[in-house]
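Open the structure in your viewer and keep the selection tool at hand. The stops below say what to select next and what is there.

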Amino acid sequence: MRILLLVSAFNGLTQRVWCSLREQGHDVGVELAPTFESGAAMTRAVERADPDLILCPFLKHRVPDTIYDRWPTVIVHPGPVGDRGPSSLDHAIRDGRDRWGVTALSAVEELDAGPVWATAVFDMPDQPISKSALYNSRVADAAMACIGEVVRKVADGERPIPAEACLRIVPVSGELPLLRREDFRVDWSRPAAELERLVAAADGAPGAPAGVNGRSVCIFDAVASPEHTGAQPGTVVGRNLDAVAIACGVGTLWVGYAAELSGRRGTKLPAAQVIDASNAPFRRVPDALAETTYVRDGAVGYLTFRSYSGAMYTEQCRRMTSAVEKALTEDTRVLVIKGTEHAFSNGIHLGTVDASPDPAAEAWENICAIDELCLAIATAEQLTVAAFTANAGAGGVMAGLCADVTLAREGVVLNPYYDMGIYGSELHSWSMPARVGDHRASLLLSRKLPISVAEAARIGLISAVGPREWGEFTTWLSSAAQGYEEPATLGWMLAARAERRATDRPLSYYQTIELAEMARDFFDDRNAFSVHRRAFLRKTAADATPDKLRFSTARV
């Protein structure tokens with residue numbers, strides 16, 4: 001079919017839908033709704049596309065009747081049948097719901113009130129989960145199931161059914177009110193466990209406002225600890241790297257990220273860069289907030305990286321490099337480097353770059369630091385295995401490709417690089433051609449389009465794809481690592497690697513060329529990196545839909 005994705009942004013879910021439908025053989029195009037000044041302009045764009053089906057996996061804008069009266073138009077709503085409103089996930093997390101869902105329904109005049117094409121229900125995690133993590137995991141999985149059913153029904157000529165005729169597995173009370181920033185205000189006299197859930201519900205936007213040290217901030221990425229210091233609620237009582245501990249009515253809340261709040265919210269930064277914790281004592285951070293963890297299983301070591309939203313700032317890259325180097329001193333034969341269930345890496349931290357007094361210098365330090373991480377992985381004596389546990393972008397993709405073997409979890413989307421006005425580094429000019437050849441690597445790098453891990457495995461960019469369900473994937477990953485550790489397999493793989501290295505240029509050759517280009521991008525700003533960076537951080541709407549997202553973009 002000819003399927004148009006009408007969306008507010010080409011976000012992670014939209015990218016996953018785009019990749020999946022194209023792989024199924026559909027002709028898929030994208031139109032970004034914010035680029036249209038009026039409903040008439042949006043209608044003209046749809047007329048030019050003339051699709052068989054319009055899907056809206058992420059749409060904050062109203063669809064005019066001139067569109068949904070002429071073309072089947074399906075909205076994907078992050079709530080169960082009967083739920084309505086723009087704050088569905090905020091309510092589900094804040095209220096501690098045990099089940100939630102996603103519904104695909106026809107666009108009508110009244111928002112989220114059309115007849116239902118498909119719905120999927122899922123269990124909420126036992127522990128509070130941030131809104132972005134929930135959206136990119138269970139919500140996205142349910143949305144993909146709904147979209148698959150919608151495409152099948154449209155192809156078969158079926159019609160949606162009225163919402164009132166649908167079985168309501170999750171009880172809801174209709175339209176939930178819009179939650180604004182003040183609805184998430186932190187009262188430090190409350191228990192830390194309650195505040196953890198409140199901050200998780202406000203994750204991404206609007207953020208949870210709080211007063212700390214007499215300043216107004218928004219806090220994110222919070223984890224409760226039962227440790228009770230007896231300090232006055234709201235007092236900074238500890239620090240670990242850039243995470244900050246704050247006393248609550250019961251327990252302590254560890255804050256990983258924060259933003260200044262003086263009228264307009266500032267850029268999200270590591271908490272200690274926003275909240276003064278210079279006089280606070282060192283305390284052990286909860287495991288859920290640990291930057292790296294390392295465990296061994298016989299001759300296999302597992303090093304897990306954690307970075308909020310996948311962005312890795314300079315000092316964090318350096319610490320992760322040290323963690324890799326330390327893990328490689330262990331008496332192991334295989335080192336597995338992986339992300340968490342909800343994040344892998346998106347490369348350098350544009351927020352800390354932008355907040356620096358000298359953004360160009362900080363960007364340079366950040367790219368050099370992540371390069372050292374890539375070198376540590378690429379030059380290891382042990383066999384290295386990288387596992388894309390969640391979506392990855394830019395330097396995060398390239399860091400994973402520096403390993404000898406790269407595996408991935410089903411449903412993950414990779415963005416080799418973004419349109420950010422920079423050449424790229426992280427040894428990409430070595431790792432990508434070595435896997436897919438010069439021509440295909442050039443296409444992937446120049447187009448700057450997302451690619452699913454299924455497609456990446458098909459073209460040889462990664463080695464294999466494991467199950468989507470987290471428990472099944474970790475079991476699969478362990479089995480794969482143990483297989484690589486088997487003596488005959490390991491010996492063959494190490495010998496093949498040695499042969500490749502002997503005939504290749506030194507890695508410093510590739511790094512030198514890449515960094516020379518990056519220096520011009522950062523310090524001369526020849527391709528408007530500063531403009532692209534600020535637009536990304538401020539989520540500035542695109543002026544127009546890029547031509548590369550329209551119909552009939554060839555596969556690589």
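**Stop 1: strand β17 and its neighbours**

Select β17 and strand β19 (residues 383-388): the two pair in the parallel sense over five bridges. Strands here are DSSP runs of E with at least two residues, helices are runs of H or I with at least four residues, and both are numbered from the N terminus. Two strands count as paired if DSSP finds at least two bridges between them. To find the register, pick Val336, which stands opposite Val385 in β19.

This is a predicted model, in which local features need pLDDT of at least 70 and side-chain atom pairs count only at pLDDT 80 or more, while totals for chains, interfaces and linings use all residues. Residues are numbered from 1 along each chain as its sequence is written, and side-chain values use heavy atoms, with hydrogens and water left out.

Now add strand β15 (residues 300-305), which runs parallel to β17 and is joined to it by five bridges. Thr304 has Lys338 as its bridge partner in β17.

Show the side chains of β17 next. In a regular strand the side chains alternate between the two faces of the sheet. Val334, Val336 and Lys338 point one way from β17, and Leu335 and Ile337 point the other way. Are these residues buried or exposed? All are buried, where buried means under 20% relative accessible area, exposed means over 50%, and partly exposed lies in between (1.4 Å probe, protein chains only). Because five of the five residues of β17 (residues 334-338) are buried, the strand is largely enclosed by the rest of the structure.

**Stop 2: a three-strand sheet**

Select β20, β22 and β23, which form an open sheet in the order β20-β22-β23 with mixed pairing. The edge strands are β20 (392-393) and β23 (451-452), each of which pairs on one side only. β20 runs parallel to strand β22 (residues 413-415), and two bridges join them. Ala392 stands opposite Leu414 in β22.

**Stop 3: helix α6 and the hairpin β7-β8**

Select helix α6 (residues 192-201), which is mostly covered, with seven of its 10 residues buried. The buried residues are Ala192, Leu195, Glu196, Leu198, Val199, Ala200 and Ala201. What do the buried residues of α6 pack against? They pack against α4 (88-94), α5 (131-155), β7 (208-212), β8 (215-225) and β11 (252-262), with contact meaning heavy atoms within 4.5 Å.

Stay with β7, which is also mostly covered: four of its five residues are buried. β7 pairs with β8 in the antiparallel sense over five bridges, and Ala210 stands opposite Val217 in β8. The two strands form a hairpin with two residues between them. In the turn, select Asn213, which has a positive phi of about 55°.

**Stop 4: aromatic rings**

Rings of Phe, Tyr and Trp (its six-membered ring) pair if their centres lie within 6.5 Å; planes under 30 degrees apart count as stacked, over 60 as edge-to-face and the rest as tilted. By this rule there are nine aromatic pairs. One of them is Trp364 with Phe523, a tilted pair at 6.1 Å centre to centre with 55° between the planes. This pair links distant parts of the chain, since Trp364 is in helix α9 (residues 359-378) and Phe523 is in helix α16 (residues 507-524), 159 residues apart. Trp364 is partly exposed at a relative accessible area of 24%, and Phe523 is partly exposed at 45%.

Then select Trp470, Phe473 and Trp476, which form one aromatic cluster.

**Stop 5: helix α17**

Select Ser530, which lies in helix α17 (residues 529-537). Its relative accessibility is 14%, so Ser530 counts as buried. The side chain of Ser530 makes a polar contact with the side chain of Asp525 (2.6 Å). A polar contact is a pair of N or O atoms within 3.5 Å; within protein, one must be able to donate a hydrogen and the other to accept it, and residues adjacent in sequence count only if both atoms are side-chain atoms.

Val531 lies in α17 as well. At 53% relative accessibility, Val531 counts as exposed. Val531 and Cys56 are 475 residues apart in sequence and 29 Å apart in space, C-alpha to C-alpha.

**Last stop: the whole protein**

Zoom out. The protein has 17 helices and 24 strands, and its C-alpha trace spans about 65 × 60 × 50 Å along the principal axes. Buried residues make up 55% of the 556 residues.
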